[in-house]
Amino acid sequence: MNTFFCSDYSRQVGEEIIGSATNYQTYILVECPTPWMSEAFNSKWVPDNLRVLVSEVQRSKLPIRFLLIANDESHKVEQTTLLIYQKQEGLSNGYRKQEFKLPNIEQVAGVVRKWLSGGNADYQVENSITRDILVCTHGSHDQCCARYGNPFYFHAKNTISELQFDHVRIWRSSHFGGHRFAPTAIDLPEARYYGVLDQDSFKSILTRTGDIQFLNKVYRGWGILPPVLQVLEREIIFSQGWNWFNNKVAGKILEQSMDNNTMLAELTFENPAGSLYTYQAKLVKDAVKTQVLKSSCHATQECLVVKYAVANLVLVDRKVASYANNY
């Protein structure tokens, strides 16, 4: 039995967690009872037509991430939930959700194909759920996700229930990367990634309260941004506080050195009042935090994990919304 746990090792060496969120255009989440095989879509309950579709999309290199999800009712209900989250263009605070309730999982491939071709897919529903939390519990893919993900999921359900957050739904999820940060979660529709979670940090994330500096340990980054820009976004969070989470954001790399050791990055945000601000910063490879390590429990080789630090953060543009006073 493999006794190496990548999550324990990552904590022991003090690996920084920021900049590890993955950046996809679309998430397609398919409810499917566990157990799941290491390659999730080879699992027992996944029909051939869905397996074929997932393979086609992967071969086409489309920026789409398919995941299996399940909750404690997934074995019992006589319907299949399909969630499609698509990134909004331009200034954005996350993804747009479409939810479908299908008679069975065999219907999923047809609905997704119709959606991908731009057609109006059947079985779409509306509900009051405004937040889907995915917790990776995919132990057959990486044992840390079973060791840390499963107990975290169990207690997180109770935390949501105690808070009486009826608008929040929690799911077990197949692998979405970063198992060495287990327990790891995605908070949709914003697609913020978290890791090394406990119930206190989870409660703060749900309620957006408490000392925001704790994000230094658990925030993997915002999935609408490329990994390098996630470091810059976290820096601005610490200066803005929880209000930052109400903004719409867009970011880009303006310049980068040949060796990628330095970059000039830009982040523009719009607050709820309609004011626009643009920050620029130099991102520099952090020689201390860049490490060589095993990225998963079953990795046969170590890999270089490059980390960046923020230098020279400057507000370069500000357009404040003006409203006439009607008194």
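## Close-up views of a predicted model

**View 1. Ten strands make one open sheet.** In this predicted model, 10 strands form an open sheet with mixed pairing. Their order is β5-β4-β3-β1-β2-β7-β6-β8-β9-β10. At the edges stand β5 (residues 124-125) and β10 (residues 219-222). Each of these edge strands has a single partner strand, so one side of each is left without a neighbour in the sheet. Strands of a sheet pair through backbone hydrogen bonds, in either a parallel or an antiparallel sense.

**View 2. β1 and β2 run in parallel.** Within the 10-stranded sheet, β1 comes just before β2 in the strand order. Strand β2 covers residues 64-70 and pairs with β1 in the parallel sense. Six bridges link the two strands. Which residue of β2 stands opposite I28? The residue is F66.

**View 3. T26 sits buried in β1.** T26 belongs to strand β1. Is T26 buried or exposed? Its relative accessible area is 3%. Buried means under 20%, so T26 counts as buried. Leaving aside neighbours within four places in sequence, T26 is in contact with P63, I64 and R65. Its contacts also include I84, Y85, Q86 and W115.

**View 4. Helix α2 turns one face inward.** Helix α2 has 12 residues. From first C-alpha to last, α2 reaches 17 Å, close to the 16 Å expected at 1.5 Å a residue. L50, L53, V54 and V57 of this helix are buried. Seen down the axis of α2, the buried residues fall within an arc of 100 degrees, so they line one face of the helix. An α-helix has 3.6 residues a turn, so residues three or four places apart point the same way. What covers the buried residues of α2? The cover includes β1, β2 and α3 (residues 108-116). On the other side of α2, D48 and R59 are exposed. Just after the helix, K61 takes a positive phi of about 65 degrees.

**View 5. Two peptide bonds are cis.** Most peptide bonds are trans. The bond that joins T34 and P35 is cis, with omega at about 5 degrees. P35 lies in the loop between β1 (residues 26-31) and α2 (residues 48-59). A cis bond also runs from L188 to P189, where omega is near 15 degrees. Where is P189 found? P189 is in the loop between β8 (residues 185-188) and β9 (residues 192-194).

**View 6. Q164 and R208 have positive phi in loops.** Most residues other than glycine have a negative phi. Q164 is not glycine, yet its phi is positive, near 55 degrees. Its place is the loop between α4 (residues 143-163) and β7 (residues 168-173). Q164 is exposed, with a relative accessible area of 65%. For R208, phi is also positive and near 55 degrees. R208 lies in the loop between α5 (residues 199-207) and α6 (residues 215-218). How accessible is R208, and what does that make it? Its relative accessible area is 25%, which makes R208 partly exposed.

**View 7. R147 in α4 and its distance to P183.** R147 is found in helix α4. At 41% relative accessibility, R147 counts as partly exposed. Along the sequence, R147 and P183 are 36 residues apart. In space, the two are 8.5 Å apart, C-alpha to C-alpha.

**View 8. Helix α7 lies across β9 and β10.** This view returns to one end of the strand order, where β9 is followed by β10. Helix α7 (residues 227-240) lies across both strands. The helix runs at about 105 degrees to β10.

**View 9. Four strands form an antiparallel sheet.** Four strands make an open sheet in the order β11-β12-β13-β16, and the pairing is antiparallel. The edge strands are β11 (residues 248-256) and β16 (residues 308-319), and each pairs on one side only. Neighbouring strands of this sheet are turned by 20 degrees against each other on average, direction ignored. How many bridges join β12 to β13? Nine bridges do, between antiparallel strands spanning residues 262-270 and 276-285. F269 has Y277 of β13 as its bridge partner.

Technical notes: Residues are numbered from 1 along each chain as its sequence is written. This is a predicted model: local features need pLDDT of at least 70, side-chain atom pairs count only at pLDDT 80 or more; totals for chains, interfaces and linings use all residues. Side-chain values use heavy atoms; hydrogens and water are left out. Buried means under 20% relative accessible area, exposed over 50%, partly exposed in between (1.4 Å probe, protein chains only). Two strands pair if DSSP finds at least two bridges between them. Contact means heavy atoms within 4.5 Å. Axes are lines fitted to C-alpha atoms, for helices over the stretch in contact, and angles run from 0 to 180 degrees between N-to-C directions. The expected span of a helix is 1.5 Å times one less than its number of residues. The arc is that of the directions from the helix axis to the C-beta atoms.
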